Amino acid sequence: MSDAHPLLPPGTPLLQRGPDALQVGGVDGADGLLVGADPATVAGLLRGLDGRRAQRVVLADAGAAGLDPGSVGELLDRLRAAGTLVDLGAADLLAADAGPAATARAAAELPAARDRAGSSRWHARHAASVVVEGATRVGVPVAALLAASGVGRVAVRDEGAVAAGDAVVGGLTAADEGRPRRQAAADAVRRASPLTDLRPLPPGAVPDLVVLSRPWSASDPLVAGLHDAGVAHLVATVRGETGVIGPLVVPGVTSCLRCADLHRRDADPRWPVLAAQLTAAAVVPSGATLTCWATALAAAQQALAYLDGSSSPAALSAVVELRPPDLAPRLRRWPPHPGCGCTGPDPSPAARAHGTPGPASGPSPAQGTMAR
């Protein structure tokens, strides 16, 4: 661990319980840790864990401050075991070091960017690219949330012009009316994260994830192209008044959008005719502000769970629905349809790279819960 760069999240409570007892964390249901030696000095040491010093330097500084380096090393190990301490690598430091303001924002995001083993995924998140299809009342907030959470490249694609109904908190504004959607969306994302790369991907480049923020049909050529190219894609939209997150499609591993259509057809033979009517009409902005934001937040969380490999996203082979007024998540499962044949015997390279469980390498995607 001598080369580890320990970071204690700035918001971690350090509470003095007495003249010789310091409590690290332990509020709001989280596990805490009691330290019984020189609380003021230990608190100063812990507050200095900003991830920029290797552990060997931290221990040397602790010795210079009159603390026992061995005891401090044991304390750091206990904090790691409790999930309180984050170890950064050189790549994480480079990704986070972009001036005082960006560094301060990164410090708030770094603790959440972890994989299943608790290792930092900040550098990988910073190197990831996400394309959001549709500068909608859900799509733009999703893009802003992902950018603010550290995703390095976020591009919003939309060829239309902003209408009055497109404005939403954290997204497009009333002042954007009449502007090209793509430019207005880029400005909204830039407000949330000024250093995010907002450029479209170069020709031939494949994003790590595409977010579909309009009510796409399984027959849409874009969706078919994404599946054929092996690009993971996530639906995040409001249909009527219901927020819809998912399916999160990992080609070759999970069910696809066509599977969902086939299941609907099995339940209602007239579904293809109804679907054609739904997708033929112009998309009208819908959904209350809270519904749009709850949908965007849940979609961003599902996207980050996939990109980080931190858990099994609930939207794998399923849809999370948020219905007003309570917006409590309801899970609708869409397993692979036997008439589709979209899943293969082995996980796709993208799924393996992001730690997404395949049919034979972990729990069934349909058994996932809302990742936290």
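These exercises, each with a worked solution, use a predicted model.

**Exercise 1. Overall make-up**

Task: State how many helices and strands the protein has, and what percentage of its residues count as buried.

Solution:
- Start with secondary structure. The protein comes to 13 helices and 12 strands.
- Turn to burial. The protein has 372 residues, and 48% of them count as buried.
- Look at the surface. The accessible surface is about 16800 Å², and carbon and sulfur atoms hold 57% of it.
- Finish with contacts. Among contacts with a separation of 6 or more, 66% are between residues 24 or more positions apart.

**Exercise 2. The nonpolar cores**

Task: Find the largest nonpolar core and name the residues with the most contacts inside it.

Solution:
- The largest nonpolar core has 48 residues.
- Those with the most contacts inside this core are Val-130, Leu-146, Val-151, Leu-209, Leu-234 and Leu-307.
- Helix 12 gives the largest share of this core, with nine residues.
- Another core, of 19 residues, lies apart from the largest one. Val-35, Val-42, Leu-49 and Leu-76 are among its members.

**Exercise 3. Strand 7 and its partner**

Task: Decide whether strand 6 and strand 7 run parallel or antiparallel, then give the handedness of the crossover between them.

Solution:
- Locate the strands. Strand 6 covers residues 129–133, and strand 7 covers residues 153–157.
- Check the pairing. Five bridges join the two strands, which run parallel.
- Pick one facing pair. Glu-133 stands opposite Arg-157 of strand 7.
- Follow the chain. From strand 6 the chain goes through helix 7 (residues 139–148) to strand 7. This β-α-β crossover is right-handed.
- Check burial. Four of the five residues of strand 7 are buried, so strand 7 is largely enclosed by the rest of the structure.

**Exercise 4. Helix 8 and helix 10**

Task: Compare the span of helix 8 with the expected value, then find what its buried residues pack against.

Solution:
- Helix 8 (residues 181–192) has 12 residues. From first C-alpha to last, helix 8 reaches 17 Å.
- At 1.5 Å a residue, 16 Å is expected, and the span is close to that.
- The buried residues of helix 8 are Arg-181, Ala-184, Ala-185, Ala-186, Ala-188 and Val-189.
- These buried residues pack against helix 7 and strand 7.
- Now repeat the search for helix 10 (residues 257–267). Its buried residues are Leu-257, Cys-259, Ala-260 and Leu-262.
- Their cover includes strand 8 (209–212), helix 9 (221–228), strand 9 (233–239) and strand 10.

**Exercise 5. The faces of strand 4**

Task: Sort the side chains of strand 4 (residues 32–35) by face, and say which are buried.

Solution:
- Recall the rule. In a regular strand, side chains alternate between the two faces of the sheet.
- Apply the rule to strand 4. Leu-33 and Val-35 point to one face and are buried.
- Gly-32 and Leu-34 point to the other face and are not buried.
- Find the partner. Strand 3 (residues 21–25) pairs with strand 4 in the antiparallel sense, over four bridges.
- Name a facing pair. Val-24 stands opposite Leu-33 of strand 4.
- Link back to the cores. Val-35 is among the residues of the 19-residue core.

**Exercise 6. Unusual backbone**

Task: Name the residues joined by cis peptide bonds, and place the non-glycine residues with positive phi.

Solution:
- One cis bond joins Gly-246 and Pro-247, with omega about 5°. Pro-247 is in strand 10 (residues 242–249).
- Another cis bond joins Pro-324 and Pro-325, with omega also about 5°. Pro-325 lies in the loop between strand 11 (318–322) and strand 12 (329–333).
- Leu-327 is in the loop between strand 11 and strand 12. Its phi is near 55°, a positive value in a residue other than glycine.
- Apply the cut-off for buried, under 20% relative accessible area. Leu-327 is at 19% relative accessibility, so it counts as buried.
- Ser-317 has a positive phi of about 55° and is not a glycine. Ser-317 sits in the loop between helix 12 (289–308) and strand 11. At 4% relative accessibility, Ser-317 counts as buried.

**Exercise 7. A proline in a loop**

Task: Decide whether Pro-313 is buried or exposed, and give its C-alpha distance to Gln-302.

Solution:
- Pro-313 lies in the loop between helix 12 and strand 11.
- Its relative accessibility is 1%, so Pro-313 counts as buried.
- Pro-313 and Gln-302 are 11 residues apart in sequence. In space they are 5.6 Å apart, C-alpha to C-alpha.

Key
Residues are numbered from 1 along each chain as its sequence is written. This is a predicted model: local features need pLDDT of at least 70, side-chain atom pairs count only at pLDDT 80 or more; totals for chains, interfaces and linings use all residues. Side-chain values use heavy atoms; hydrogens and water are left out. Buried means under 20% relative accessible area, exposed over 50%, partly exposed in between (1.4 Å probe, protein chains only). Two strands pair if DSSP finds at least two bridges between them. A crossover is right-handed if, with the strands pointing away from the viewer, the path from the first strand over the helix to the second runs clockwise. A nonpolar core is a set of buried Ala, Val, Leu, Ile, Met, Phe, Trp, Tyr and Cys residues joined through side-chain atoms within 4.5 Å. Contact means heavy atoms within 4.5 Å. Accessible areas come from the Shrake-Rupley method with a 1.4 Å probe; for residues, only the protein chains shown count as cover. The expected span of a helix is 1.5 Å times one less than its number of residues.
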